[in-house]
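Visitor: I'd like to learn how to read strands and their pairing in a model. Could you walk me through it?
Guide: Gladly; let's look together.

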Amino acid sequence: MTIKTLTMTAVIALGTSAAFAEEVRVYNWSDYIDEELLSKFEEETGLTLIYDVFDSNEVLETKMLAGGSGYDVVVPTADFMQRQIQAGVYQKLDKSQLPNLKNMWDVIEERTSRYDPGNEYSINYMWGTTGLGINVNKVKEVLGEDAPLNSMDLVLKPENMEKLASCGVHFLDAPTEIIPMVLQYLGEDPDSSDPEVIAKAEAPLLSVRPYIQKFHSSEYVNALANGEICVAVGWSGDVLQSRDRAIEADNGVEIAYNAFAEGSLMWSDQMAIPADAPNPEGAHKFLNFIMDAQNMAAASNYVYYANGNKASQEFLVEDVIGDPAIYPTEETMNNLYTKSPYPAKTQRVVTRLWTKVKSGT
């Protein structure tokens, strides 16, 4: 979901309402689209695209809840989007302006409708899982040939983490993903909003905290590819980009991604239109452009994430459509779980717990 903190602006914003009508402003995750698509959109529509990036849901949410973001299309993760919809942040899609909705995948729409009933406010952009990014040779060197490469045991057993600390471990700076992961490991409901259940994640996390080099949601990508760390709890597509960067660099680093055998979180990133979007007509044109089968395939072929567009699958390269780390097997799909947003009271509990875990105190 993230790679680097880069802000790419196609043109300096003009302050007039006439200028807004000719511009479409998109706010997406870092390094999360084939940049050639941005130029293609401008060429096909005659609109100027202003494209900015972020690297955490918290950054996006702060901007959206404050209002007046100035963006026409934003890309929240589904569980964050659910409460943002409830807060009135987004406008309903005008589906008459979106003929390419016919290309969407009912299997994914069924899952995303949990967050956006009837998919009234959003379309799926990409989806994936949270699991393990592994430098295979280094991990086996440290833990032996029988290292649990697809298990949470790898990162939640202190005896394993103490050894892995010598080659470096990163965790996502994402409490809404890491805490449910630990609850799943403990046999609790990963979707629980009960503060007493959530508190059970604290002890396991604190027990491995001394061995976690960094909590960050993008730096692990290059760190894995360069051999600077040997394990990351991260997003599927990011780890696969690490793998490909290592292959391109021919640096001898072998990276693998594994969903957790115990069950991984399935997340989805949705494209939505803010309620106060300056150019909602242009926003719909951008969404419809993205839902073109070949355009969506180009995006997935670049970022190595699965998408919610069934028609795009015939245009996906084999390295994407044929990789079970990207398009999981039916067995793995059935083992994935999803998460609802935390109520405000529970969110405060989660924030306090996460602050304690990150500080290690």
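Visitor: Is strand E7 enclosed by the rest of the structure or not, and how many of its residues are buried?
Guide: Some ground rules help here. This is a predicted model, in which local features need pLDDT of at least 70, side-chain atom pairs count only at pLDDT 80 or more, and totals for chains, interfaces and linings use all residues. Residues are numbered from 1 along each chain as its sequence is written, and side-chain values use heavy atoms, leaving out hydrogens and water. Strands (E, at least two residues) are DSSP runs numbered from the N terminus, and buried means under 20% relative accessible area (1.4 Å probe, protein chains only). Five of the five residues of E7 are buried, so E7 is largely enclosed by the rest of the structure.

Visitor: Which strands pair with E7, and in which sense?
Guide: Two strands pair if DSSP finds at least two bridges between them. Strand E5 (residues 169-171) runs parallel to E7, with three bridges; His170 has Ala232 as its bridge partner there. E4 joins E7 (residues 231-235) antiparallel through five bridges. In that pairing Thr130 faces Trp235, and Gly133 is bridged to Ala232.

Visitor: How many residues of E4 are buried?
Guide: For E4 (residues 122-135) the count is 14 of the 14, so E4 is largely enclosed by the rest of the structure.

Visitor: Which other strands does E4 pair with?
Guide: Seven bridges link E4 antiparallel to E9 (residues 266-272), where Ile123 is opposite Met271. E8 (residues 255-258) is also antiparallel to E4, over four bridges, with Asn135 opposite Ile255. Finally, two bridges connect E4 and E10 (residues 306-307), again antiparallel; Trp127 pairs with Ala306.

Methods: Buried means under 20% relative accessible area, exposed over 50%, partly exposed in between (1.4 Å probe, protein chains only).
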